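User: I am new to this structure and would appreciate a guided reading, from the overall fold down to single residues. Please take the questions one at a time.

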Amino acid sequence: MAKKKNKGSEYSDFSTFINLKTDFGFKKIFGNKKIMIAFLNTVLPEKIESIEYLSPEQLGVKKENRKAVYDISCKTAEGKHVIVEMQASVQPNFADRGLLYISFPIINQAPKGKVTKVNKKGETIKAPWDYSLKGVYMIGILDFVLFPEESTENIVIEHVKLVRLEANIIFSDKLEIVTIELPKFNKKAEE
């Protein structure tokens, strides 16, 4: 059976629109693994082949500590954590919130209890934790301008990392905050 077209609609070829800025629309779009992987491969510096969705809720270390609830939380096949947040209203402390959010997956990578390994004789021995962390990405899709500097007025996507300022060299590749400032995206439909 052929689809019925809406008469008089300039968008008659489209059956449904979803507003990415709503909680429902955001989760409907990014809850789809294929779409999520394609999105991550567009904004992250590495190729993502598969993901596993995780609980969006992270509890604080102590009962009285603040918890975090992410819009989307997932892990790559390599064990890297990815947090995706949609921020529709102005959030003046978004940078601090990003730092807080990426701290949860970092802290949760520390082994609980004794670290053990099996030696060549097959004995279980206490081993020091080597502090090797898996990377953590936080992607913030913002419906406001976070970086208002004139030099960044045409930069829609920015990558924030820990950098050695004097040498201008990356200190650690384990943390990255990616911001996508929607108001700076000013292309027309035909572009």
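User: What does K184 touch, not counting residues up to four places away in sequence?
Analyst: This is a predicted model. K184 lies in the segment after strand 10, which spans 169-181. Leaving out residues up to four places away in sequence, the residues that K184 touches are V145, F147, T152, E153, I155 and V156.

User: Is K184 buried or exposed?
Analyst: Residues under 20% relative accessible area count as buried. The relative accessibility of K184 is 7%. K184 therefore counts as buried.

User: Which backbone oxygen lies 2.9 Å from a polar atom of the side chain of K184?
Analyst: T152 is among the residues that K184 touches. A polar atom of the K184 side chain lies 2.9 Å from a backbone oxygen, and that oxygen belongs to T152.

User: How many helices and strands are there in the protein, and in what order do the elements run?
Analyst: The protein has 3 helices and 10 strands. Read from the N terminus, the order of the elements is α-α-β-β-β-β-β-α-β-β-β-β-β.

User: Which strands stand at the edges of the open sheet?
Analyst: The open sheet is formed by 6 strands with mixed pairing, in the order 1-4-5-8-10-9. Each edge strand has a single partner strand, so one side of it is left without a neighbour in the sheet. From one strand to the next, the twist averages 25°. The edge strands are strand 1 (51-53) and strand 9 (157-164).

User: How many bridges join strand 9 to strand 10?
Analyst: Strands of a sheet pair through backbone hydrogen bonds, either parallel or antiparallel. Strand 9 and strand 10 run antiparallel. One residue with a bridge partner in strand 10 is R164, and that partner is I169. The number of bridges joining strand 9 to strand 10 is 7.

User: What angle does the direction of helix 2 make with that of strand 1?
Analyst: Helix 1 (residues 23-30) packs on the sheet and touches strands 1, 4, 5 and 8. Helix 2 (residues 33-43) also packs on the sheet, where it touches strands 1, 4, 5, 8, 9 and 10. The direction of helix 2 makes with that of strand 1 an angle of about 120°.

User: Why do the buried residues of helix 2 line one face of the helix, and within what arc do they fall?
Analyst: The buried residues in helix 2 include M36, I37, F39, L40 and V43. On the other side of helix 2, K34 and T42 are exposed. The buried residues line one face of helix 2 because, seen down its axis, they fall within an arc of 160°.

User: Which residues do ring pairs link into a cluster?
Analyst: F26 and F30 both lie in helix 1, 4 residues apart, and form a tilted pair with 4.9 Å between centres and 55° between planes. The rings of F30 and F39 are also tilted, with centres 4.7 Å apart and planes at 55°. F26 and F30 are buried, and F39 is buried. Ring pairs thus link into a cluster the residues F26, F30 and F39.

User: What percentage of the 191 residues in the protein do buried residues make up?
Analyst: Residues under 20% relative accessible area count as buried. Among the 191 residues in the protein, the buried ones make up 30%.

Key. Residues are numbered from 1 along each chain as its sequence is written. This is a predicted model: local features need pLDDT of at least 70, side-chain atom pairs count only at pLDDT 80 or more; totals for chains, interfaces and linings use all residues. Side-chain values use heavy atoms; hydrogens and water are left out. Helices (H or I, at least four residues) and strands (E, at least two) are DSSP runs, numbered from the N terminus. Buried means under 20% relative accessible area, exposed over 50%, partly exposed in between (1.4 Å probe, protein chains only). A polar contact is a pair of N or O atoms within 3.5 Å; within protein, one must be able to donate a hydrogen and the other to accept it, and residues adjacent in sequence count only if both atoms are side-chain atoms. Contact means heavy atoms within 4.5 Å. Two strands pair if DSSP finds at least two bridges between them. Axes are lines fitted to C-alpha atoms, for helices over the stretch in contact, and angles run from 0 to 180 degrees between N-to-C directions. Rings of Phe, Tyr and Trp (its six-membered ring) pair if their centres lie within 6.5 Å; planes under 30 degrees apart count as stacked, over 60 as edge-to-face and the rest as tilted. The arc is that of the directions from the helix axis to the C-beta atoms.
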